[in-house]
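Let us take a walk through a protein model together. Have a look at the fold first, and then we will go through some of its parts one by one.

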Amino acid sequence: MRSVKVWPETWPLRAPFVIARGGRNEADVLVVELEEEGIVGTGEATPYARYGETAASVQAQITALTKDLEQGMTREQLQQVLPAGAARNAIDSALWDLETRRANSDLWRMTHVVRPDVVEMAQTISIDSPEVMASGALALWQNGAKVLKIKMDNAMITERLVAIRTAVPDATLIVDANESWHSEGLAARCQLLADLGVVMLEQPLPAADDALLANFIHPLPICADESCHTRESLPQLAGRYEMINIKLDKTGGLTEALALAAAAKTAGLEVMLGCMLCTSRAIRAALPLAGTARFVDLDGPTWLAQDVTALPFRCGRIALSESLTQ
């Protein structure tokens with residue numbers, strides 16, 4: 001018989017990200033703890049308003065399954081009774097953690113993935129003035145980040161990107177438009193990005209406008225984020241995207257994420273591995289996917305003012321060889 005606990009946590013953010021979020025100074029996560037015969041497995045998820053989630057709604061989904069979890073619900077059974085999203089991710093991650101601890105193993109061995117010494121990752125540049133964004137890019141580059149993910153809205157596209165490229169001429173740049181662009185002028189913006197050496201554009205249009213990307217000729221790969229959640233999303237992406245952003249809070253955990261990554265490869269799509277604002281606890285659950293990804297964007301915990309059992313984050317990488325807990 002298992003015991004089940006679920007609780008919300010609030011984590012303060014570092015000052016630069018507080019400014020970028022319009023003054024909001026904290027991140028909310030949900031934690032699930034499963035205890036069985038003295039062994040404890042823990043999972044974390046971040047409710048996301050874009051998908052209609054709140055901390056209360058996610059906690060309610062988890063709590064509704066308490067009896068089933070106590071009676072030994074498996075990961076496979078979980079996939080059938082709970083839809084993809086943060087609630088399923090929290091439980092799925094806790095079940096994976098419980099399984100690995102019961103087996104005296106770790107996620108790398110359980111998923112048959114060779115653990116790398118270092119995971120190279122992108123560092124995010126938040127939306128701001130061209131000068132501030134360029135200064136931030138230069139600071140990250142000088143601290144060792146080689147891949148920079150530029151957050152963008154629908155304003156000052158040229159000014160911001162030119163300023164950043166001028167500041168870091170040798171950096172690998174990817175742009176995340178977060179559904180903020182429109183089809184009008186998209187071709188010209190894609191050409192601008194290509195001319196500036198940007199190597200990928202993430203989710204330029206609202207997910208509901210994906211049909212506008214059909215037969216759209218573009219000079220750089222386009223990545224689906226909000227448009228891709230699980231394997232069921234893949235048929236609608238054909239001919240529109242070249243890459244998908246896999247996040248455990250979208251797939252509903254590592255179980256579906258592994259299957260999605262394999263299906264994406266079969267479909268000829270490259271993978272980006274992403275995350276929400278979260279602690280290192282959530283990043284650990286996603287790490288086995290890092291080797292399948294062209295780009296890894298797991299810097300969520302680096303925006304927190306404090307972390308729980310922090311991974312060895314360095315600017316632009318996770319130095320796993322420095323950790324004794326993986």
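How are helix 7 and helix 8 oriented to each other: roughly parallel, roughly antiparallel, roughly perpendicular or oblique? Before answering, please keep in mind that this is a predicted model. To find the pair, look for residues 130-142, which form helix 7, and residues 157-167, which form helix 8. The two pack at an angle of about 30°, and their axes lie 8 Å apart. Angles under 35 degrees count as roughly parallel, and therefore helix 7 and helix 8 are roughly parallel to each other. Their crossing is right-handed.

Which residues make this contact? On the side of helix 7 they are P130, M133, A134, A137 and L138, and these meet E159, R160, A163, I164 and A167 in helix 8. Sorted by type, the residues of this contact comprise eight nonpolar and two charged ones, with no polar residue among them.

Now let us turn to the sheets. Strands of a sheet pair through backbone hydrogen bonds, and they can do so in a parallel or an antiparallel way. This model gives you an example of each. Eight strands form an open sheet with parallel pairing, in the order 5-6-7-8-9-10-11-12. At its edges you find strand 5 and strand 12 (295-296), each of which pairs on one side only. Helix 7, which we have already met, packs on this sheet and touches strand 5 and strand 6. The direction of helix 7 makes about 165° with that of strand 5.

Let us step into the sheet from that edge. Strand 5 (residues 123-125) pairs with strand 6 in the parallel sense, over three bridges. One position to look for is T124, whose bridge partner in strand 6 is K149. Is strand 6 largely enclosed or largely open? Four of the five residues of strand 6 (residues 147-151) are buried, so this strand is largely enclosed by the rest of the structure.

A little further along, strand 7 (residues 172-176) and strand 8 (residues 198-202) pair in the parallel sense over four bridges. Here D176 stands opposite E202 in strand 8. Helix 9 (residues 186-195) also packs on the sheet, touching strand 7 and strand 8, and its direction makes about 145° with that of strand 8.

The antiparallel example is an open sheet of three strands, in the order 4-14-13. Strand 4 (119-120) and strand 13 (313-314) are the edge strands, each pairing on one side only. Strand 4 pairs with strand 14 (residues 317-318) over two bridges, and E120 stands opposite R317 in strand 14.

Strand 14 also holds I318. Is I318 buried or exposed? Its relative accessible area is 0%, so I318 is buried. Beyond its close neighbours in sequence (those within four places), I318 is in contact with several residues, including V118, V119, M121, I283 and L287.

Our last stop is T46, in the loop between strand 3 (39-45) and helix 2 (55-63). Buried means under 20% relative accessible area, so T46, at 8%, counts as buried. Among the residues that T46 contacts, leaving aside those within four places in sequence, are D28, V29, D249 and C278. T46 and T279 are 233 residues apart along the chain, yet their C-alpha atoms are separated by 9.5 Å.

Technical notes. Residues are numbered from 1 along each chain as its sequence is written. This is a predicted model: local features need pLDDT of at least 70, side-chain atom pairs count only at pLDDT 80 or more; totals for chains, interfaces and linings use all residues. Side-chain values use heavy atoms; hydrogens and water are left out. Two strands pair if DSSP finds at least two bridges between them. Axes are lines fitted to C-alpha atoms, for helices over the stretch in contact, and angles run from 0 to 180 degrees between N-to-C directions. Angles under 35 degrees count as roughly parallel, over 145 as roughly antiparallel, 65 to 115 as roughly perpendicular and the rest as oblique. A crossing is left-handed if the near helix is turned anticlockwise from the far one by less than a right angle, and right-handed if clockwise. Contact means heavy atoms within 4.5 Å. Ala, Val, Leu, Ile, Met, Phe, Trp, Tyr, Cys and Pro count as nonpolar, Asp, Glu, Lys and Arg as charged, and the others, Gly among them, as polar. Buried means under 20% relative accessible area, exposed over 50%, partly exposed in between (1.4 Å probe, protein chains only).
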